[in-house]
Amino acid sequence: LKIKNNYLKKIERFSFIYCKNLKVLDDFGYQKIEKIESEAFLGLEKMLSLVLKFNLLTNFENFTFSGLKGLQRLYISNNKIEYLESTLFDYLNNLIY
């Protein structure tokens with residue numbers, strides 16, 4: 001899914017619930033995302049790579065990445081992250097980096 005230059009500010013809960021075959025979201029980087037709601041990525045069990053770098057994110061709610069069972073790569077660098085829950089990545093068993 002390509003969404004370049006949209007300058008999104010928020011990803012809402014259940015945004016991708018009907019996108020079950022989506023494997024790569026690489027254009028969420030370089031947006032202006034400030035908030036990702038809990039369960040925003042629910043239903044994306046086949047997702048392999050998620051790019052959220054260079055945004056304005058300061059934290060992630062505890063179930064932000066729930067539903068991403070197959071996720072192998074998560075890029076969250078160059079945000080304004082202040083705090084991460086200790087259990088945030090517990091259910092991302094396939095995460096490589």
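Here are some exercises on this predicted model, each with a worked solution.

Before you start: residues are numbered from 1 along each chain as its sequence is written. Since you're looking at a predicted model, local features need pLDDT of at least 70, side-chain atom pairs count only at pLDDT 80 or more, and totals for chains, interfaces and linings use all residues, while side-chain values use heavy atoms and leave out hydrogens and water.

**Exercise 1. The sheet**

Work out in which order the strands of the open sheet lie, and which of them are the edge strands.

*Solution.*
- Start with the vocabulary: strands (E, at least two residues) and helices (H or I, at least four) are DSSP runs, numbered from the N terminus. Two strands pair if DSSP finds at least two bridges between them.
- Now the order: 3 strands form the open sheet, as β2-β4-β5, with parallel pairing.
- The edges are β2 (24-25) and β5 (73-75), each of which pairs on one side only.
- Zoom in on one pairing: β2 and β4 run in the parallel sense and share 2 bridges. If you pick V24, its bridge partner in β4 is S49.

**Exercise 2. Just before β2**

Find out which residues K23 is in contact with, leaving aside its neighbours within four places in sequence.

*Solution.*
- Place K23 first: look in the loop between β1 and β2.
- Next, check how covered K23 is. The scale goes like this: buried is under 20% relative accessible area, exposed is over 50%, and partly exposed is in between (1.4 Å probe, protein chains only). K23 counts as partly exposed because its relative accessibility is 45%.
- Then list the contacts (heavy atoms within 4.5 Å). With those sequence neighbours set aside, K23 is in contact with K46, M47, L48 and S49.
- One more check: the C-alpha atoms of K23 and L50 are 8.6 Å apart, although their positions lie 27 residues apart along the chain.

**Exercise 3. Two serines in loops**

Decide whether S38 and S66 are buried or exposed, and look up what surrounds them.

*Solution.*
- S38 belongs to the loop between β3 (35-36) and β4 (49-51). With a relative accessible area of 17%, S38 is buried.
- Skipping neighbours within four places in sequence, the contacts of S38 are R13, E61, F63 and T64.
- S66 sits in the loop between β4 and β5. Its relative accessible area is 10%, so S66 is buried too.
- Under that neighbour rule, S66 is in contact with E39, F41, L42 and Y91.
- S66 also has a polar contact: its side chain reaches the backbone oxygen of F63 at 3.0 Å. (A polar contact is a pair of N or O atoms within 3.5 Å; within protein, one must be able to donate a hydrogen and the other to accept it, and residues adjacent in sequence count only if both atoms are side-chain atoms.)

**Exercise 4. Rings**

Count the aromatic pairs and say how the rings of F16 and F28 are arranged.

*Solution.*
- Rule first: rings of Phe, Tyr and Trp (its six-membered ring) pair if their centres lie within 6.5 Å; planes under 30 degrees apart are stacked, over 60 edge-to-face, and the rest tilted.
- That rule gives 7 aromatic pairs.
- One of them is F16 with F28, which is edge-to-face at 5.9 Å centre to centre and 75° between the planes. F16 is in the loop between β1 (10-11) and β2, F28 is in the loop between β2 and β3, and they are 12 residues apart.
- F16 counts as buried at 8% relative accessibility, and F28 is buried at 3%.
- Y30 and F54 give you a stacked pair, with 4.6 Å between centres and 10° between planes. Y30 lies in the loop between β2 and β3, F54 in the loop between β4 and β5, 24 residues apart.
- Y30 counts as exposed at 52%, whereas F54 is partly exposed at 34%. F54 isn't a glycine, yet its phi is positive, near 60°.
- Finally, F16, F28, F41, F60, F65 and F89 form one aromatic cluster.

**Exercise 5. The core**

Which residues touch the most other members of the largest nonpolar core?

*Solution.*
- A nonpolar core is a set of buried Ala, Val, Leu, Ile, Met, Phe, Trp, Tyr and Cys residues joined through side-chain atoms within 4.5 Å.
- The largest one has 23 residues, and F28, F41, L50, L52 and F65 touch the most other members.
- Take F65: not counting residues up to four places away in sequence, F65 touches residues including F41, L50, L52, F60 and L74.
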